[in-house]
Amino acid sequence: MSGWNKILQAAQMPLAAFNGALLDPAQAQTDLLMLFIRANESCEFGRTHGFVNIRSVEQYRFQVPIRSYADFKRPIDRMAAGEPGVLICDPVVAFEETGGTSAGAKLIPYTRGSLDAFRAAVLPWLAELAGRRPGVCSGKTYVSISPATRRQMFSPAGIPIGLASEAAYLGEDLVGPFLSILVVAPEIATISDVHSWRIATLSGLISCADLSFVSVWSPTFFLGLIEAIADNVREIEPQLDRAAKARLGAFKQSGGTDTSILWPRLDTISCWNDASSAIFAARLATLCPQATIEPKGLLATEAAITIPFAGKSCDGTLGCLPALTSTFLEFIDDNGVSHLADELTVGAGYRVVVTTPGGLYRYDMGDRVLCVGHHGLVARLVFQGRAGLVSDMVGEKLDEAFVTQVLAMLPCAAALLPRAVPKACYELWLDTDVDLHPLSALVETRLCQNPQYAYARKIGQLGPLIALSKPDFVAARQEARLKTGARLGDMKHASLILD
């Protein structure tokens, strides 16, 4: 398709730059950091932290401490009120919102440089993916990256909160080509009523027999759309042509378990498929046997961190590569020591710290990644979970990365919830109605690999695990979060639920 051709043509320079960075990742990352530093010497943050004197990564680490969002909130609020030159010299073109299950919304400033940084990650990924799986370019595309059902908002200074569409991440020159390959128009995402948005989206998807590529954040998002088809046939059918109605009828007769009836040419689904998303990615693969599940990598609202590239490392270990040409990345080990992408040890976990062109300097993402191999000089990484999410009622110190690993071997979606009364213990929620005892016993055994948890159980500080059958609890929690203003499309299932 001509749209894909133009996108892939534009991707050649960013792809060459990324391939070059893989050959000398330390120099590439140093050069990127110095570019950010030099561009912001005269802003308030740059003057306060002596950017004019910084000439090395070591100096940068010495002069700029690691920060959380709380440390950036006041200057970002000033930027949202229209004050220039606070964290960056370039003007803010938009803010994006991000947040967790228990934290409020956070505003992330975007400049032209921020969007260029995302482009520098997304285009090499798309070019490499198209070379490896050319079927992605053979038909139409469904993309849902920006939150669906979000109303237009502005900061106190009138700066947009939220980008107009996913096309912004590719650049103005690719807006037209991008729109030409979409099966569902971006304006559908602006429908505020969730049910109306869902019907319009499903009607567009089912009308498209040549859907070849789907890109979403969480697999639960696309799963929810597929599972909603059966309940909404009467509203969808009037909007379909004869051929689409026939496909829908055949899909319904099959029991709604094989989407190859609807989308026979669907080649690839890009979504999260590690950590707590793994069980849902596996379910999506079952419903879409005609497609390959492509790992999304760790692309956050704040920055591109990792991208899928070259499929597998030379030893066959899955993992994604650091976004070397987009974000300055530091990986903090358990001793608090900062490492670059070419200094990581296989089997070790690290906390991710980023520096971006949008004014986040040594920003602690709160994410943990695991080094699972190397691609040349560069580490291959998988997402482990949130670094700071810990449950500690009696000293057991269960963190999300560990809990995610424990629950990953279960055949169904699951979550762990602390309960302080009447006696401190944990509930194990299981998305199944089969015999819970074997699953509960397995999880209890694995949790006891944490010595603090095992000790607390041994001395009676913690009561035994309580297994509860909670069919469809993931979808129910997401619906509840929608009512509180959470963003549809980027909600990730949590293995450890503290709220």
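**Figure 1. The buried residues of helix α3 pack against α2 (12-23), α5 (57-63), β11 (328-332), β13 (349-355) and β15 (378-386).** The model shown here, as in every figure below, is predicted. Pro-25, Ala-28, Gln-29, Leu-32, Leu-33, Met-34, Phe-36 and Ile-37 are the buried residues of α3. An α-helix has 3.6 residues a turn, so residues three or four places apart point the same way. Helix α3 covers residues 25-39, and its 15 residues should span 21 Å at 1.5 Å a residue. The C-alpha atoms at its ends are 21 Å apart, which agrees.

**Figure 2. Ala-467 lies in strand β20 (residues 466-469).** Its relative accessibility is 23%, so Ala-467 counts as partly exposed; the buried class is reserved for values under 20%. Leaving aside residues up to four places away in sequence, Ala-467 touches Leu-428, Leu-430, Leu-436 and Ser-440. Leu-439 is 28 residues from Ala-467 along the chain, and the C-alpha atoms of the two are separated by 8.4 Å.

**Figure 3. Arg-362 sits in the loop between β13 and β14 (363-375).** Its phi is near 50°, a positive value in a residue other than glycine. Most residues other than glycine have a negative phi. Arg-362 counts as buried because its relative accessibility is 6%.

**Figure 4. Asp-472 belongs to the loop between β20 and α17 (473-483).** Asp-472 is not a glycine, yet it has a positive phi of about 60°. Its relative accessibility is 52%, so Asp-472 counts as exposed; the cut-off for that class is over 50%.

**Figure 5. The whole protein, as a setting for the close-ups, has 17 helices and 20 strands.** The radius of gyration is 23 Å, close to the 23 Å that the globule rule gives for 499 residues, so the protein is as compact as a globular protein of that length. Along the principal axes, the C-alpha atoms fill a box of roughly 70 × 65 × 50 Å. Of the 499 residues, 55% count as buried. Among contacts between residues at least 6 apart in sequence, 65% join residues at least 24 apart. The accessible surface comes to about 20,600 Å², and carbon and sulfur atoms account for 55% of it. The protein has 44 positive and 50 negative charges, and the mean positions of the two sets are 2 Å apart.

Terms used: Residues numbered from 1 in each chain as written. Predicted model: local features only at pLDDT ≥ 70, side-chain atom pairs only at ≥ 80, totals over all residues. Heavy atoms only, no water. Helix = DSSP H or I, 4+ residues; strand = E, 2+ residues; numbered from the N terminus. Rg over C-alpha atoms; globule rule 2.2 N^0.38 Å. Buried < 20%, exposed > 50% of the residue type's maximum accessible area, 1.4 Å probe, protein only. Contact = heavy atoms within 4.5 Å. Areas by Shrake-Rupley, 256 points an atom, 1.4 Å probe, with all protein chains shown as cover. Lys, Arg positive; Asp, Glu negative; His and termini not counted. Charge placed at Lys NZ, Arg CZ, Asp CG, Glu CD. Expected span 1.5 Å × (residues − 1).
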